[in-house]
Amino acid sequence: MISVFGSVNMDLVAYVDVVPALGETVTGRAFNTVPGGKGANQAIAAARAGAKVAFLGAVGDDDFGTEMRRTLAEAGVDVTDLRTVPGPSGIAQIVVDGGGGNSIIVVPGANGTVTAPTEAEIEVISRSDVLLLQLELPIEAVTAAARAARAAGTTVVLTPAPVQPLPAELLEAVDILVANEHEAVAITGQADHERALEELRGTVGWVIITLGARGALTSAGDEAAVWVEAPRVNAVDTTAAGDTFVGALAVAHLEEQPADRAVRFATAAAGLSVQRAGASSSMPTRAEIDRSLSTTGA
């Protein structure tokens with residue numbers, strides 16, 4: 001089983017040809033509200049890729065909270081231990097440009113109330129094979145969840161986003177770190193991807209640096225760094241690419257796929273997601289991922 005201790009937001013997505021500069025007003029092409037948040041996105045991605053998934057986090061007692069709980073459940077995610085707290089749910093204001101790139105503002109809402117995992121949540125984490133973590137919850141809560149997982153022998157996968165300084169006690173509890181190229185530079189200070197990878201490998205056993213349309217750089221255990229190319233696709237919306245990658249990677253790891261094969265599986269899933277609009281709504285099913293891999297011969 002995969003557990004996800006993380007954020008759930010309602011994504012408020014505006015589509016424009018060009019992102020406005022400071023003080024500028026532009027006319028958008030479309031607007032959608034889509035349940036998202038890095039934690040919820042990763043949970044849905046993992047569930048659609050074929051895993052049993054439990055989500056741990058918090059929503060508010062507003063309409064957004066009700067809709068997001070329903071969306072997770074309909075995707076096959078167990079929301080038994082998803083908290084409901086007084087006040088607004090988290091939201092993310094997203095602007096997607098004509099090339100599929102995006103900029104995002106996150107307002108934590110209910111996510112900010114999760115300052116530590118509860119005893120019930122620790123029990124779920126301890127029963128899990130894999131725990132997915134991100135940094136849209138307070139860092140002290142993420143660290144406590146990682147330590148609980150490490151104590152139970154649960155594999156810890158961390159997405160260091162939004163990027164911020166990482167406590168040593170958090171990194172020491174992480175088994176797999178998945179950072180995009182900007183996060184890797186911010187954490188290590190190394191602009192060279194291979195040097196950043198090597199520096200991160202000094203603490204974490206398996207490191208993956210995702211590079212968007214260029215694919216991913218990965219190194220696990222004592223293996224040399226491997227470059228995994230991404231499929232060539234026409235990107236519509238890259239909002240959920242990273243979360244789709246992590247959710248699919250967790251499933252591949254759960255299935256004990258070799259590291260390079262797991263990254264190819266995750267890359268195929270991310271490549272499918274960017275061809276559709278939205279976050280949770282863009283994530284592929286297991287059948288779609290398998291079909292994509294068979295088509296490319298990966």
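The largest cavity in this predicted model encloses about 30 Å³ of space, a cavity being a set of points on a 1 Å grid over the protein atoms alone where a 1.4 Å probe fits but cannot get out, and a volume being the space filled by probe spheres set on points that are joined across faces, edges and corners. By this rule the count is 1 cavity of 30 Å³ or more. Its lining, made up of residues with an atom within 4 Å of a point, consists of Val8, Pro35, Gly36, Ala40, Asn41, Ile44, Met68, Thr71, Leu72 and Ser280, and at least two residues each come from β3 (30–36), α1 and α2 (63–74). Helices (H or I, at least four residues) and strands (E, at least two) are DSSP runs numbered from the N terminus. By class, the cavity lining holds 6 nonpolar, 4 polar and no charged residues, where Ala, Val, Leu, Ile, Met, Phe, Trp, Tyr, Cys and Pro count as nonpolar, Asp, Glu, Lys and Arg as charged, and the others, Gly among them, as polar.

Helix α1 is mostly covered, with 10 of its 11 residues buried, that is, under 20% relative accessible area with a 1.4 Å probe and protein chains only. Among the buried residues of α1 are Ala40, Asn41 and Ile44, each of which also lines the largest cavity. The helix is followed by Gly50, which has a positive phi near 115°.

The largest pocket has a volume of about 1,200 Å³, a pocket being an open set with protein on both sides within 12 Å along at least five of seven lines. Of its 46 lining residues, Asn180, Thr238, Thr239, Ala241 and Gly242 are the closest to the centre. Elements giving two or more residues to this lining include α1 (38–48), β12 (176–180), α6 (181–188), α8 and α9. The pocket lining comprises 23 nonpolar, 17 polar and 6 charged residues.

The axes of α8 (residues 241–254) and α9 (residues 259–273) come within 8 Å and cross at roughly 145°, the axes being lines fitted to C-alpha atoms over the stretch in contact and the angles running from 0 to 180 degrees between N-to-C directions. In the contact (heavy atoms within 4.5 Å), residues of α8 including Ala241, Phe245 and Leu249 meet residues of α9 including Val263, Phe265 and Ala269. This contact has 11 nonpolar, 3 polar and no charged residues.

Residues are numbered from 1 along each chain as its sequence is written. Local features need pLDDT of at least 70 and side-chain atom pairs count only at pLDDT 80 or more, whereas totals for chains, interfaces and linings use all residues, and side-chain values use heavy atoms, with hydrogens and water left out.

Conventions:
Buried < 20%, exposed > 50% of the residue type's maximum accessible area, 1.4 Å probe, protein only.
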